Every structure is written in structure tokens, then in C-alpha cells.
Amino acid sequence: MAHRKSLSKSRYLLGLQCPKALFLAVHSPELAGPVSASAQKSFDQGHAVGLEAQKRYPGGVLIGASHSHSKLALAETRAAIEAGAPAIFEATLAHKGVLVKVDVLEHAGGNDWNLVEVKSSTGVKQVHLHDVALQLWVLRGAGLKVKRAFVLHINNQCRHPHLEELFERVDVTAKVEAMLPAVGPEVAEFLELLQRETAPEVDIGPHCKDPYPCAYRAHCWGPKKIPSPSVFDIPGWTAQKKWAAYRAGAVSLDRLDRAGLSPAQRRMVEHSVSGKRYVNAKGIRQAMRDWEYPYSFLDFETLDHPIPKFMGVRAYEQLPFQWSCLVQRAPCAEFERHEYLHADATDPREPLARALVEALPEKGSVIAYNASFERGVLTSLAEEFPNYRKSLKGAAARLVDPYLVVRAHVYDPAFLGRLSVKAVAPALLGLGAGYKGMAVGEGAEAQLAYLEMIAPGIPPERRAELKRALLDYCRKDTEAMAGVVEWLSSVG
Ligand code: SF4
């Protein structure tokens, strides 16, 4: 007899998002794409937030047995309930083929308990309510008297050191009670689905990334189904329009009705179809006419953390930990290279700002790709450090943005609808300007690498390797940007 499959919270939520994704997760997990750096970062942050929440429950008991030892976890939980623990972390209960781990089971007096779901988000989302509804269904089904259900989420107005304000506790009892009648039938449907031998037919749709990007996207969105580029790559087009075009059978750009597209969108579509590069030399010249040497190509790497660690920092505030700057004093002059990477777990902002002020020329254009981000970092550093305020504000005022020039005046079919420097540089300058093969090749990877580099106990060789990878990555961003600007100057 085949082993009967069971459900967990994550499988149930996956089933609500897409039954096919649930089936594949259980029967063909090898089809899943790799875990992205940003998904890993969210997972790590969720774990850190969970541990921080546990500090709010003195005397709480942690159920240590893992998922693979569910019988032991169930028994440990029962024992803690019977002992009347003030709170139980990772409380494990099961009902009708569903096993859940509750972040915090809070004793509410006598035989009453409250269910607390801890989230690293800054608000309560619909998917959280489904999550809590399933847990409530299991807990009550397992015979527990659950009075109220809460979501404990991050308060993004909390500033260090006032971590007592880190969480907001939202009572979701009424909302999840109203959802309970649907849970049993959904569970039964998903359990039945898992016994089948073939995946259900589900077409792609907005659910492929709502509420979470699906791990089976490469499997369902292959090139035979969705060409590249397609209507899904048109920049700035609403999801509603993209899906309407898909449903009308116009997913391929050559079949798209171009009425209603903005000039930039029309250009993307026309030049993708023709395969010819678009360059408006006059427009480029005009857009760059006020740029002045010395050119300072600047790029920051930042980290946002739900639990603020340094004085005055807000939850999820972007904290810079690294910058790279290439200075070119005159046309065709050699580049001067400057860079800063904070080396340990202390507050990076003051030494980083000081090093930047020392490196940046006092005149000339500060060039940043998609400069609103760099402007935000420079402005917040200027507000924080009066000694450097004048220089940092001056640099922010001298920012110019090659992204805006590219967006308005250049389109290459190899952009595939994307205008980031990572897409634009290799298309304009050749594959050597790409990021493939780099140990750190995107922002979320840089954040993970930095956190690993500053973690206590990291072996010196690994620390040195991460440091090198981070410096290479940030430098690559500024070099790619400088290459794009050189190219723009040569055609403009
Ligand atoms: S990619 Fe879309 S259709 Fe395919 S399994 Fe995921 S959510 Fe379902």
C-alpha cells in the first residue's frame, strides 16, 4: 500500500496558491528552481525574527524535536501543555493528516491557549490569515481550547534601542474564525490530490507569483510556452494588461496590438521584433550635456534588517555597508579606484561616510545607475553625520543618472525588456561586461555574503574569500556603469 502523503502549513499554502505547485512539491521536487538569494534572505530574517519574538515569553518551552521526528515533537508538545508551560515555541500538533508547528502557543489561563504566528513582514497579509486559519483548525481538531489568534509582525517605526516596540500584535481571531469552514474541505481536497499519479492541469496566471514566486516557474514557463521576450517583459505595463494579452493569444510581441503603448514601450516592442538596436544620438547628447568632469561613478551596497542593531536605526532601514567609486578626471583619463567595505559587525555608517567624503572629488558629476537609491543613502548619511553633511549633500545634488539616458534614448533587443546595468552593460559592451561566474552577482547575494563575512567564528580563509567576492561585485557595478557611460558618450 502506498504511503499516505500528509500536509504541512507550507504545503497547504502552496495548494491554495496553485494545486499543481503542491503536487510538484511532493512528487517532483527536483523540478523546482534553485532557492534565490532573496528567498534565502527572507528565510534567514524570518528565523531571526522568530527567535527575537521568543524573548518576549519568559519561561517559554522550545519543542526541540525536528519535523523529521514528528512523533517526538507531538509528545513533547503534549507534555508541555499538560505541564501548563507559560508559552510553547514550535508547538507541534496534528489533525486529520495535517501537522503544524505553532510559532508561539501562549497559555491564556486554565485550559485556554492563544495561538501566535510571528511574521517578519510589516503588516498582516491575506496569506498569513490562511496560515493562522489552518493552525487554528488543527489545534481545535486536536482538542486544544484556543481562545484567540494573533499575528505578531514587525513595527517598521521601531528604532534601536527601543526594541520593546519591535512587534505589533494584531488580533485576527474574528477573521480566521470566518475562514474556518473552508479549511476542512480544502485539506481533504489537497490530501486527495496528493494521492493522484499525475499533476492537475493548471494554466499559468497571476498566481505564479502571488503571494510568493513559484519554484516551478522554469517548468511551467518554458520557452515553448512563453517566448523571450514576451508581453511579460514590457517595462511598466500592468499585470492586468499582460494577462489580458496572454489570454487573447498575443503573448508574442509580434502579435501584439501596439495601440495604447507608451513611446518607450512601443520602442521596446518594435526593436525586439525587428532585432535592430535603437539609438537616439541627439537625445543622448542633450541628456548628458550638463555632465561635468571629474566623473565619480558611485555604487552602494546596503542591508535592511528587521531587527535594528544600531542607535537610531529603524526596522528595515537600508544601511550601507559598502561602496565603490571610480573617478575619471578628464575624458579618456585613467580611472582612480576607491572602495570601502565595512569589515565587522559594528555600525558601518560613520567610517563608511568618512571614507566616502575623503574619496569623492568636490566637483563634477556623481554618476549612479538608478540614482534615486544612491540619493537616498547619501541624504540619510548626511542627516546622521553633521561633520560630513555638506560634502554628502553636495554629492547628492551633483548626481546624474545614466539609467534615465538609456531608458529614453537606447534600446537593444538583447536587453529583453530589462534596463538594469546588469542587462544593459553586456548588451552594449559585449559579454565580458556580464556578471556570470561571479561568486557574488546580485544585491541579495551581496547581503548574504556580508552577513556571513561578519558572523562570529567565520574561518579567516572564508572571510577573505567573501571580502574578495564583495569587493569584486561592487567594483563590477561601477565598472559596468562607467562602460555604459563611455559607450553613451561615444555615440551621443
Ligand atoms: S509556475 Fe504557476 S502554474 Fe506552474 S506550478 Fe507554479 S504557480 Fe502553478
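**Exercise 1. Find out where glutamate 90 sits, and whether it is buried or exposed.**

Step 1. Glutamate 90 is partly exposed because its relative accessible area is 26%; buried means under 20%, exposed over 50%, and partly exposed in between (1.4 Å probe, protein chains only).

Step 2. Look for its element: glutamate 90 belongs to strand 2, residues 87-95. Helices (H or I, at least four residues) and strands (E, at least two) are DSSP runs, numbered from the N terminus.

Step 3. Now check the backbone: although glutamate 90 is not a glycine, its phi is positive, about 60 degrees.

A word before going on: this is a predicted model, in which local features need pLDDT of at least 70 and side-chain atom pairs count only at pLDDT 80 or more, while totals for chains, interfaces and linings use all residues. Residues are numbered from 1 along each chain as its sequence is written, and side-chain values use heavy atoms, with hydrogens and water left out.

**Exercise 2. Describe lysine 96 in the same way.**

Step 1. Lysine 96 lies in the loop between strand 2 and strand 3 (98-107).

Step 2. With a relative accessible area of 62%, lysine 96 is exposed.

Step 3. Its phi is positive too, about 45 degrees, and lysine 96 is not a glycine.

**Exercise 3. Locate two cis peptide bonds, one at proline 211 and one at proline 294.**

Step 1. Aspartate 210 and proline 211 are joined by a cis bond with omega of about 10 degrees. Proline 211 falls in the loop between helix 6 (173-195) and helix 7.

Step 2. Tyrosine 293 is linked to proline 294 by a cis bond with omega of about 0 degrees. The loop between helix 10 (281-287) and strand 8 (295-304) holds proline 294.

**Exercise 4. Which residues of the largest nonpolar core touch the most other members?**

Step 1. Start from the term: a nonpolar core is a set of buried Ala, Val, Leu, Ile, Met, Phe, Trp, Tyr and Cys residues joined through side-chain atoms within 4.5 Å.

Step 2. The largest core has 63 residues, and Val231, Val406, Phe415 and Leu488 touch the most other members. Helix 17 (residues 460-491) gives the largest share of this core, twelve residues.

Step 3. Apart from this core lies another, of 44 residues, including Ala91 and Val127.
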